[in-house]
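This report covers one strand with its neighbours, then the empty spaces in the model.

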Amino acid sequence: MTGAVLECRGLSRWYGQVIGINDVNLDLAPGVTGLLGPNGAGKSTLLKLITGQIKPSRGTVSLHGQTVWDNPDVMRRLGFCPEQDALYENLTGLSFVASLARLNGYSRAEARERALKAIGKVDLLDAKDKKVGGYSKGMRQRIKLAQALVHEPEVLILDEPLAGMDPLARRSTIRLIREIAADGGTVIVSSHILHEVEAMTRSILLVHHGRIVAEGNVHEIRDLIDEHPHRIFLGTPEIRRVAEALVKWDDVQGIRVDDEGLVVETIRPDAFYSRLPGLVLEHNFKVESMISADDNLQAVFDYLVK
Amino acid sequence: MPIYDQSYRPYRGHLSSHAMRWWTITRTGLMHLFSKKIFLVLITMTFFYPVVAGFQIYFVHQFPEQNLVTINAEFFRMTMEIQLLWFLVLGIYPGTGLISNDLRWNAIQLYLSKPLTKLDYIAGKLAIIGIFLLGVSLVPGLLLFGLQLGFSSDTKFLTSFWWIPFSVIGYSVSASFAWGMIVLALSSLSKNSRYVGILLIALVFASGGMALFFWGITDAEGVIIISVIDELKQLSYLFFGGQGAFGNHGFAAAITLVFLMGVCAATLRRRVRAVEVVK
């Protein structure tokens, strides 16, 4: 007994000559697992294989020993929140979630009750009677999440669930995901942004070019990332003054002048972020924006697949 | 201190059986349609001819000396044929949007991530259009037969035409299934229901034009079954007997429809997917 809820064995999927997922072996236990990889790495393909949406070209996915593909009964234990918008624009949020709940076999009253509960969990009760077509991007994400939660699945699969959410909604969604895991659920969350995954779990899988290139603790990945220069864009009209101050820091490896600011390369981003506010206040710099593209994840993937 | 099980606990309440899971899709679709006034007006209009036919039966019995119309198998076949107009109308609305709207909203992946098979999904969608098609063919056909029996003072009509209800049922079910499958297959071809509507109208008129063209050059009446609508008309002769301007090619029409159903089923199998696979 491995304690694994979900198992993938030799899982491969190719589209003609293109390999989507290549010989993946996985054992997923209860808790949150982050699926991290750049766009086009194969995360969505893997999730669609796990949810039985597409047939594996080779290998199997099983939930408690039951094959997922072409096995609708297994779907009762799975909840899926797709990346793409998958909504009936002319239904209200409540009727959308309730009608999908009924596909799980609940009575009308039970489905409505569960839909209200799920919508409450994603903080959308105020908008439950509005048509989905009038929802903002973040609200649409949350109602999709509600339909995945409505039957209280054992395994919850979320494809880029935080995309388009405002900071408050992100925070409450992250809290919700953690609560589900704390209640014994198994949650798989895909993202291409490290800090999003980091906020939800310590356990991650790195996917690149259709393969699992690493799995383990998020700190190990963070350390790997920190070995590579981390690029941070600072939007400021005082380019020369800010650059002059930053160049004195030992952990700043390079500074490049951009159109509307500076691109700073640092090997210790955490230290940089903690010291920067003090520097700005001390010199009264005007810093209008700060963007970390996190694109050095690509460098980590390149390093891992060498 | 007792320590309780912290692991996942599934729902232990009653769940409906899988066999009727498709009905959830049908019911949701029906509720959505019945909430639209334009659709209610459309459905009301479909009863126009059956009401006229009902009055015909009434007048035949009230004024037998007038010799208005003969109530026989052809009367019922003709009712079915005239109601085919509504097959076309209902095929365009709501038929064309049944799958294409789901494709447009990426909803199929949500359906198929639930305990539902592709067959359940297609059956659910087919039932939506099927219910309306049977509503404009089976229901008026049986009601008119009942009306005729009600007005008859003897059993002469019943002993001569006892088989008509079976023909009405057989024809309505087979024509509704065939037309429903054609509409669903076309609906799965595009994310835009307007394009599907254009495609459906094009199929009807293009196949009709081709049938007339080949009839013109070959003079063979059998080629009329190239036309989709004439194929359904010819099918009615298989169930009710008799023959029209192009003769009776009911059996050939039935064989062609079976082949067409195979094509539709293959199209639906290929197009109804949770994920659009781009190669």
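Helices (DSSP runs of H or I, at least four residues) and strands (runs of E, at least two) are numbered from the N terminus.

## Basis

This is a predicted model, in which local features need pLDDT of at least 70 and side-chain atom pairs count only at pLDDT 80 or more, while totals for chains, interfaces and linings use all residues. Residues are numbered from 1 along each chain as its sequence is written, chains are lettered from A and ligands numbered from 1 in the order written, and side-chain values use heavy atoms, with hydrogens and water left out.

## Strand S7 of chain A

S7(A) spans residues 155-159, and 5 of its 5 residues are buried. Buried means under 20% relative accessible area, with a 1.4 Å probe and protein chains only. Val155(A), Ile157(A) and Asp159(A) point one way from the strand, and Leu156(A) and Leu158(A) the other way.

Strands count as paired if DSSP finds at least two bridges between them. Strand S6 (residues 78-81) of chain A runs parallel to S7(A) and is joined to it by 4 bridges. With strand S8 (residues 186-191) of chain A, S7(A) shares 5 bridges, also in parallel. Leu158(A) takes part on both sides: it is the bridge partner of Cys81(A) and stands opposite Val189(A) in S8(A).

S7(A), helix H6 (residues 167-182) of chain A and S8(A) form a right-handed β-α-β unit. Right-handed means that, with the strands pointing away from the viewer, the path from the first strand over the helix to the second runs clockwise.

## The cavity

On a 1 Å grid over the protein atoms alone, a cavity is a set of points where a 1.4 Å probe fits but cannot get out; lining residues have an atom within 4 Å of a point. Points are joined across faces, edges and corners, and a volume is the space filled by probe spheres set on them.

There is 1 cavity of 30 Å³ or more, with a volume of about 40 Å³. Helix H4 (residues 108-121) of chain A gives the largest share of its lining, 4 residues. The lining has 3 nonpolar, no polar and 4 charged residues. Nonpolar covers Ala, Val, Leu, Ile, Met, Phe, Trp, Tyr, Cys and Pro; charged covers Asp, Glu, Lys and Arg; the others, Gly among them, are polar.

## The second largest pocket

A pocket is an open set of points with protein on both sides within 12 Å along at least five of seven lines. The second largest has a volume of about 620 Å³. Its lining has 30 residues, with Asn90(A), His32(B), Gly97(B), Asn101(B) and Trp105(B) nearest the centre. Helix H1 of chain B gives the most, 6 residues. By class, the lining divides into 14 nonpolar, 11 polar and 5 charged.

Conventions
Buried < 20%, exposed > 50% of the residue type's maximum accessible area, 1.4 Å probe, protein only.
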